[in-house]
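Reader: I am new to this structure and would like a close look at a single part of it. Please take one small sheet and the helices around that stretch of the chain, and explain how they are arranged.

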Amino acid sequence: FPVTIFTTTADFVFANMYSKNKKVQVSNQNKELDLNAMVQPVPLANKFSVPGYYVWCGSVTRGDDGRKDCADYYLKFLAHKIKYPHKKLPYSFILKGKQGTGKTLHFNAIANIIRKEHFISSSEPNDFFGTHAEGLAKKLIVNMNECEGKKTLDFEGKMKSAISEDKLTLNAKHEKPIEIMNYAAIIITTNKETPITLDVRSGDRRYIVFKSTDKYLEPKYHAGNFWKKLSEHINKPEFIAALYDYLMDLEVDKMDWANERKKILTGSYYDMVKQFVPATALFMEHLIVSKDFINRDESEFNSAEEYKQFFEKSVSEMKEYNEPQRIVGSLLHDAYKKWCEKCGFKKECEPTIKKFYALLKSEEIGITTETGHAGFTSVVFTPREVYEALIEKKYIIVDGSEKPAETVVVDENMFDEMFDF
């Protein structure tokens, strides 16, 4: 499905003739968050539609991953923030894609609903997490735009807190620090592959990643003023009211956000996770899958056919897979350095043998070391236990484990007619 257009099927009537006048519950201290104040009657003529579809705004929720469930989750996330401004969900979206694919256009519509003083977009992480930052104060939606790893690295801990915690310390210049409520939902947009650091060691539970398609970078879509017309449409007051009404109709009260998040972890998410998986963990996966931990010489086989069959077997079919293995530590260390060099992990080639042992054990995947009578250190592990631990920690994704859902194949040309409006 084209990333830059989000549609709902005709089963969901987007624009009603009149607003349903749903009220947002607000406290006396927060009258400025009364989103219902902007709702006005909506003529059906203000629908931006094609046969069978009602189009609401530029969106990156259905891109290269082709996932309708991703779009639904994202919309319900936005709807929850609009229905319950003072409730915080501990999740953040990362919307990845090239420039010109519509990653930020839909924020115009959302900002018009929540009032623009409750929305902020900035490419400077210091605006949100610096010593005297005030970017999160009184905000409902925060867009960290053009985000990149080198700028966010120093703020990893503060970003986690801002996503998860409902209070923060405001340290404005020349003012006494005060504690304020943190209502902000943080949405990151970027054209970088790794805009932030994912904490894969302790298990990331915060981030959701979607990637846009490149289809609408084609000149014909820009030459036809499509983006200009779409931008003008989503800024119409009638449209803002229709969008508000639609989002308020979405059922979010019974949503199991944590479990539903697991179902929408896309291939883009796991591609990003791989960038932060420790090299030692990936090396152990290679060691097990390649059967290199099995020390058997060709001379031990009765025939060439038996030798061939050995390598054709899955590692899980071999008895050694379920038995404790002992490998001389120095040999394993040498193999690790050669593997790192081959894979391009230059920095990871550097650890001393003692550091290598410490890294293996720190991953907590069932690896220990033993020193024999002759003073030689061996690395001890059971391949099956290590492999299952790698899967549990989401360091690797294999058939039969929790993994991204299969991509839904969608004909990207089916909506081309909408560009003729």
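Author: What follows starts with the whole chain, turns to the sheet and its helices, and ends with two other places for context.

The model is predicted. The protein has 421 residues, and 48% of them are buried. Its secondary structure consists of 15 helices and 13 strands. Of the contacts between residues at least 6 apart in sequence, 76% join residues at least 24 apart.

The sheet is an open one, built from three strands in the order 11-13-12 with antiparallel pairing. Strand 11, residues 325-328, and strand 12, residues 368-371, are at the edges; each has a single partner strand, so one side of each has no neighbour in the sheet. On average, neighbouring strands here are turned by 35° against each other, with direction ignored. As general background, the strands of a sheet pair through backbone hydrogen bonds, in either a parallel or an antiparallel way.

Strand 13 covers residues 377-381, and four bridges join it to strand 11 in the antiparallel sense. One residue pair can be located by number: I327 has V379 in strand 13 as its bridge partner.

A helix lies across these two strands. Helix 13, made of residues 329-343, lies across strand 11 and strand 13 and runs at about 75° to strand 11.

Next come two helices that pack against each other. Helix 11 spans residues 279-289 and helix 15 spans residues 383-392; the angle between them is about 135° and their axes are 10 Å apart. The two helices are therefore oblique to each other, and their crossing is left-handed. From helix 11, the residues A281, M284, E285, I288 and V289 take part, meeting P383, V386, Y387 and L390 of helix 15. Sorted by class, this contact has eight nonpolar residues, one charged residue and no polar ones.

Helix 11 also contains T280. The relative accessible area of T280 is 3%, and because buried means under 20%, T280 counts as buried. Leaving out residues up to four places away in sequence, T280 touches Y336, F356, L359, L360 and E363. Of these, Y336 has a number that falls in the range of helix 13, residues 329-343.

For context, here is another helix pair. Helix 2, residues 106-114, packs with helix 8, residues 237-249, at an angle of about 85° and with the axes 9 Å apart. That angle makes the two helices roughly perpendicular. On the helix 2 side are A109, I110, N112 and I113, and on the helix 8 side are F239, I240, L243, Y244 and L247. By class, eight of the residues in this contact are nonpolar, one is polar and none is charged.

The second place is a single residue in a loop. I196 sits between strand 9, residues 185-190, and strand 10, residues 207-211. With a relative accessibility of 1%, I196 counts as buried. Apart from neighbours within four places in sequence, I196 is in contact with I94, C147, T152, M159, I188, Y207, M272 and F276. I196 and K151 are 45 residues apart in sequence, and 8.5 Å separates them from C-alpha to C-alpha.

Definitions and conventions:
Residues numbered from 1 in each chain as written. Predicted model: local features only at pLDDT ≥ 70, side-chain atom pairs only at ≥ 80, totals over all residues. Heavy atoms only, no water. Pairing = 2+ DSSP bridges. Axes fitted to C-alpha atoms, helices over the stretch in contact; angles between N-to-C directions. Contact = heavy atoms within 4.5 Å. Parallel < 35°, antiparallel > 145°, perpendicular 65-115°, else oblique. Left-handed = near helix turned anticlockwise from the far one by under 90°. Nonpolar A, V, L, I, M, F, W, Y, C, P; charged D, E, K, R; others polar. Buried < 20%, exposed > 50% of the residue type's maximum accessible area, 1.4 Å probe, protein only.
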